[in-house]
Amino acid sequence: ANDSGQLGDGTSVPRLSAWRVTALGTTVAGVALGADGEYGLGHACALRTNGRLWCWGYNAYGQLGDGTTVTRRRPVSITALGTSVAQVSTRGDHTCARRTDGSLWCWGYNSSGQLGDGTGTTRLFPVPITALGTAVVDVAAADYNTCARRNDGSLWCWGSNYWGRVGDGTTQTTKYSPVR
């Protein structure tokens, strides 16, 4: 499928075989794919070897991080993060990136607190998740929540806690900030 430009080839034409995202060249170090399972609308982000993050596809909630809600059929550079991105994780309507300094930045839809910035406010640009400091070594985004592992081995999660998804022993509906 390519209805929201999630293949990054500048079109909305579906492809039945592999298709190169030529705008990124040959210096891609990692990739993350996010899709809204209900509607099949997706976005993608690629981390280049120079530490710069590029995203494209569906963007109704700012999940690309370029400050807009415009769907992009070609990769756009997420300049707010500079050239120090070490990891990216996407899911549905939000994206998070770990920088080389150990800080975590998230953006996009935030109705369930999945960004972890202490609010339920949707963000069009990356915002730092200050509650985790600069000790993040891994991040994983899910549909309505996110988890991060710190360098001391502790696991922190936030967002929707329906059925106890956050794992803190409660079923409080929403955790807007990271909890251990």
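This is a short tour of the model, stop by stop, with what to select and what you'll find there.

Before you click, know that you're looking at a predicted model, in which local features need pLDDT of at least 70 and side-chain atom pairs count only at pLDDT 80 or more, while totals for chains, interfaces and linings use all residues. Residues are numbered from 1 along each chain as its sequence is written, and side-chain values use heavy atoms, with hydrogens and water left out.

**Stop 1: strand β6**

Select residues 94–99, which make up β6. Strands here are DSSP runs of E with at least two residues, helices are runs of H or I with at least four, and both are numbered from the N terminus. Six of the six residues in β6 are buried (buried is under 20% relative accessible area, exposed over 50%, partly exposed in between, with a 1.4 Å probe and protein chains only). Turn on side chains: H94, C96 and R98 point one way, and T95, A97 and R99 point the other.

**Stop 2: the neighbours of β6**

Add residues 85–91 to bring in β5, which pairs with β6 in the antiparallel sense over six bridges (two strands pair if DSSP finds at least two bridges between them). Look for S89, sitting opposite C96. Two residues separate β5 and β6 in their hairpin, and G92 in that turn has a positive phi of about 45 degrees.

Now add residues 104–108 for β7, which runs antiparallel to β6 and is joined to it by five bridges. H94 has G108 as its bridge partner in β7.

**Stop 3: G102**

Zoom in on the loop between β6 and β7 and pick out G102. Four residues lie between the strands of this hairpin, and G102 takes a positive phi near 90 degrees. Is G102 buried or exposed? It counts as buried, because its relative accessibility is 6%. Leaving aside residues up to four places away in sequence, G102 touches G133, T134, A135 and V136 (contact means heavy atoms within 4.5 Å). Also try a distance from G102 to N151: they are 49 residues apart along the chain, with 8.7 Å between their C-alpha atoms.

**Stop 4: the four-stranded sheet**

Next, show the open sheet with the order β9-β10-β11-β12, where the pairing is antiparallel. β9 (136–141) and β12 (174–179) are the edge strands, each pairing on one side only. From one strand to the next, the twist averages 15 degrees (axes are lines fitted to C-alpha atoms, for helices over the stretch in contact, and angles run from 0 to 180 degrees between N-to-C directions).

Select β11, residues 155–160. Five of its six residues are buried, so β11 is largely enclosed by the rest of the structure. Click on G159: it stands opposite K175 in β12, and it is also the bridge partner of N145. Three bridges join β11 to β12, and five join β10 (residues 145–150) to β11. In the β10–β11 hairpin there are four residues between the strands, and G153 in the turn has a positive phi of about 90 degrees.

**Stop 5: the largest pocket**

Finish by selecting Q6, L7, V21, L24, G25, V28, V31, L33, A44, A46 and W56, which line the largest pocket. β1 (28–36) and β2 (41–48) are the elements giving two or more residues to that lining, and β1 gives the most, with three.

Note on methods
1 Å grid on protein atoms, 1.4 Å probe; cavity = no way out; pocket = protein on both sides within 12 Å on 5 of 7 lines; lining within 4 Å.
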